[in-house]
Amino acid sequence: GMTDLTFSLPGYIWVAICVVSTAVYLILIRKLKDSTGLNEMSLLYYNNILGLPLMLAWLLLGSDELSSVFQYPALTEPTFL
């Protein structure tokens, strides 16, 4: 926009992709809810179960975040938990 001092076309494209994909996701969830009769908690449960393998694969193979977690110095302190 006119007041955006750091205009970035790729940034606006990514935001547009995010907005469209979120809208499509919400429409699909609404149709799935209506066609299956599942409530919100059931849909949330199945969504998390289906997404878990992808997230675990990324955690183990696509990033080094897990090793960073284990290197955190306060991880073993009782007050941290």
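Which residues make a nonpolar surface patch of about 670 Å²?

**View 1. A nonpolar patch on the surface.** Here we look at Phe7, Leu9, Tyr12, Ile13, Trp14 and Ile17, which together make a nonpolar surface patch of about 670 Å². Phe7 sits in the segment before H1. Keep in mind that this is a predicted model.

**View 2. The largest pocket and what lines it.** This pocket has a volume of about 160 Å³. Its lining is made up of Tyr25, Leu26, Ile29, Arg30, Lys33, Glu40, Leu43, Leu44 and Asn47. Two elements each give two or more residues to that lining: helix H1 (9–36) and helix H2 (40–62). H1 chips in with the largest share, five residues.

**View 3. The chemistry of the pocket lining.** What kinds of residues does the largest pocket have around it, nonpolar, polar or charged? It's a mix: five nonpolar, one polar and three charged residues. Among the residues to look for in this close-up are Arg30, Lys33, Glu40 and Asn47.

**View 4. How confident the prediction is.** Across the protein, the mean pLDDT is 89, and 99% of the residues reach 70 or more. Where is confidence highest, and where is it lowest? H1 comes out on top with a mean of 93, while helix H3 (residues 65–70) is at the bottom with a mean of 87.

Note on methods:
Residues numbered from 1 in each chain as written. Predicted model: local features only at pLDDT ≥ 70, side-chain atom pairs only at ≥ 80, totals over all residues. Heavy atoms only, no water. 1 Å grid on protein atoms, 1.4 Å probe; cavity = no way out; pocket = protein on both sides within 12 Å on 5 of 7 lines; lining within 4 Å. Points joined across faces, edges and corners; volume = space filled by probe spheres on them. Helix = DSSP H or I, 4+ residues; strand = E, 2+ residues; numbered from the N terminus. Nonpolar A, V, L, I, M, F, W, Y, C, P; charged D, E, K, R; others polar. Patch = residues over 30% accessible without salt bridge, like charges linked within 9 Å, V, L, I, M, F, W, Y side chains within 5 Å. Areas by Shrake-Rupley, 256 points an atom, 1.4 Å probe, with all protein chains shown as cover. Salt bridge = Lys/Arg side-chain N within 4 Å of Asp/Glu carboxyl O. pLDDT = per-residue confidence, 0-100.
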